[in-house]
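I opened this structure today to look up its metal site, its ligand shell and its cysteines. My entries are below.

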Amino acid sequence: MGIDPDFAKKRQKVGTHAGHDVWGPVEPPTKLGIHGTKVAVDFDICIADGACIDVCPVSVYEWLDTPGHPTSSKKADPVRESDCITCLACETACPVQAIKIST
Ligand code: F3S
Ligand code: ZN
């Protein structure tokens with residue numbers, strides 16, 4: 001099961017991080033929610049594969065350490081979300097469909 005494409009309708013914004021929205025529920029360290037809106041990464045699904053970081057032509061992502069999370073101890077954080085050119089390379093590359101790009 002990948003990220004819910006309708007997350008913005010079903011979840012609530014619970015805060016911001018590094019200039020992007022965070023969508024709950026968030027209960028650290030085991031539940032981290034979704035980071036970003038245009039470039040949304042479900043941190044609870046991300047396994048730190050890193051393909052998104054490798055393929056992004058405009059360096060939207062940076063690693064964020066998330067010690068104690070059950071699926072991985074670091075996540076691809078969309079810190080330059082506003083630089084996204086909507087090429088969808090990351091969404092396609094992620095092996096666990098943790099990313100949803102909205103236009
Ligand atoms: Fe995570 Fe998928 Fe990127 S597993 S690090 S969002 S390719
Ligand atoms: Zn973040």
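These notes go through the zinc site, then ligand 1, then the cysteines. I am working from a predicted model.

**Zinc site**

I started with the zinc ion (ligand 2). Which protein atoms serve as its donors? I found His-17 through ND1, His-20 through NE2, His-35 through ND1 and Asp-77 through OD. They lie 2.0 to 2.2 Å from the ion. I then checked the geometry. The angles among the four donor atoms run from 98 to 125°, and the site is tetrahedral. Along the chain, I read the donor spacing as H-x2-H-x14-H-x41-D. The pair His-35 and Asp-77 links distant parts of the chain, 42 residues apart. I placed His-35 in strand E3 (residues 34-35) and Asp-77 in strand E6 (residues 74-77).

Are these two residues buried or exposed? His-35 counts as buried, at 7% relative accessibility. Asp-77 is also buried, at 2%.

**Ligand 1**

Next I looked at what surrounds ligand 1. I noted 13 residues around it. The closest are Cys-46, Ile-47, Gly-50, Cys-52 and Cys-94. I sorted the shell by character: eleven residues are nonpolar, one is polar and one is charged. I looked up the burial of Cys-94 as well. Its relative accessible area is 10%, so I logged Cys-94 as buried.

**Cysteines**

How many disulfides does the whole structure hold? My search found zero. Cys-56 is in no disulfide, and its nearest cysteine sulfur, that of Cys-87, is 6.3 Å away. The cut-off for a disulfide is 2.5 Å between sulfurs. Cys-56 is buried, with a relative accessible area of 15%.

Methods: Residues numbered from 1 in each chain as written. Chains lettered and ligands numbered in written order. Predicted model: local features only at pLDDT ≥ 70, side-chain atom pairs only at ≥ 80, totals over all residues. Heavy atoms only, no water. Buried < 20%, exposed > 50% of the residue type's maximum accessible area, 1.4 Å probe, protein only. Near = heavy atom within 4 Å. Nonpolar A, V, L, I, M, F, W, Y, C, P; charged D, E, K, R; others polar. Donors = N, O, S within 2.8 Å, 3.2 Å for Na, K, Ca; no water. Tetrahedral: all angles 85-135°; square planar, octahedral: opposite > 155°, others 65-115°. Helix = DSSP H or I, 4+ residues; strand = E, 2+ residues; numbered from the N terminus.
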